[in-house]
Amino acid sequence: MTGVPILMYHQVAPDTAPAFRKYCVTPAAFRSQIRWLSRTGYSAIDLDTLLEARAGLAALPPRPVVITFDDGFQDCVDYAVPVLLEYGMTAIMYLVTGLVGHVSTWLQAERGVQFPLMDWATARRLEAAGFRCESHAVSHPRLPELGIEACRRELADSRTALEEQLSRPITHLAYPFGSVDDQVRLVAAECGYRSACTTRIGLSPAGDDPLALQRVPITGSDSLLDFAVRLRTAHTPAELVTGKVAAAAALLRWRAQ
Ligand SMILES: [Zn+2]
């Protein structure tokens with residue numbers, strides 16, 4: 001196996017704002033994706049299991065997949081969670097702890113849209129149902145743009161809030177915007193995180209840096225074929241062809257020099 005696919009979803013909803021369409025998968029598409037995972041023998045695992053397996057302490061199922069949702073949108077609770085429960089799959093929800101129960105204010109500045117975020121009671125219900133709620137910082141900043149103290153507060157305070165609300169140790173993080181540099185990675189380690197997801201595209205190989213895990217984005221325009229190919233390659237067939245064409249063009253240019 002070349003690596004474990006760590007799927008990155010954001011929103012699952014019947015409709016969304018045009019500026020967020022790329023990040024929104026419809027409930028029908030989501031259901032067909034999860035059904036496909038189930039029928040082809042994939043088992044959804046959590047990040048503790050992935051890390052334990054990589055430390056030689058646990059075995060992975062034959063076809064492991066990690067399913068993650070960034071931001072904690074209420075839409076995912078309404079439309080994705082029932083499907084995951086139906087197919088016996090777990091998932092990780094990365095929560096912006098300072099905005100739990102409110103709206104995604106950071107998207108207002110970025111894209112002129114905002115959506116409701118799940119509240120703490122919902123997060124506790126998800127945990128009781130076998131899902132995992134983990135950290136996506138306190139306010140969804142670009143961490144490398146903060147001073148080291150502010151960065152530490154974002155990562156430490158978010159962890160504390162989750163631990164108080166969910167009554168268990170929190171050790172998993174997703175960097176907001178996937179934005180990370182060496183210093184942020186170091187602060188994440190100091191704050192006690194054992195894993196942190198980026199938005200770097202790729203399957204997560206056995207030797208992947210646990211504090212800079214690669215993920216497989218699932219977008220609103222992906223067909224089921226795109227999804228199936230992403231599971232094996234992290235990319236859609238069209239992206240793979242474009243990449244090959246670009247590589248061939250670069251080779252031709254180099255030869256022509
Ligand atoms: Zn996010």
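Student: Which residues have the most contacts inside the largest nonpolar core?

Tutor: Keep in mind that this is a predicted model, where local features need pLDDT of at least 70, side-chain atom pairs count only at pLDDT 80 or more, and totals for chains, interfaces and linings use all residues. Residues are numbered from 1 along each chain as its sequence is written. A nonpolar core is a set of buried Ala, Val, Leu, Ile, Met, Phe, Trp, Tyr and Cys residues joined through C-beta atoms within 7 Å. The largest one here has 66 residues, and the ones you're after are V66, C76, A91 and M93.

Student: What does A91 touch, not counting residues up to four places away in sequence?

Tutor: Touching means that C-beta atoms, placed from the backbone, lie within 7 Å. With that rule, A91 touches A44, I67, T68, F69, L84 and F131.

Student: At what angle do helices α7 and α8 pack?

Tutor: Helix α7 covers residues 148-166 and helix α8 covers residues 182-190. In α7, I148, C151, R152 and L155 meet Q183, V184, V187 and A188 in α8. The axes of α7 and α8 are 10 Å apart, and the angle is about 45°.

Student: Is T171 buried, exposed or partly exposed?

Tutor: T171 is found in the loop between α7 and β8 (172-174), and T171 touches G192, Y193, R194 and S195, again leaving out residues up to four places away in sequence. A residue is buried if 20 or more other C-beta atoms, placed from the backbone, lie within 10 Å of its own, exposed if 12 or fewer, and partly exposed in between. T171 has 18 C-beta neighbours inside 10 Å, so T171 counts as partly exposed.

Definitions and conventions: Two residues are in contact if their C-beta atoms, placed from the backbone, lie within 7 Å. Axes are lines fitted to C-alpha atoms, for helices over the stretch in contact, and angles run from 0 to 180 degrees between N-to-C directions. Helices (H or I, at least four residues) and strands (E, at least two) are DSSP runs, numbered from the N terminus.
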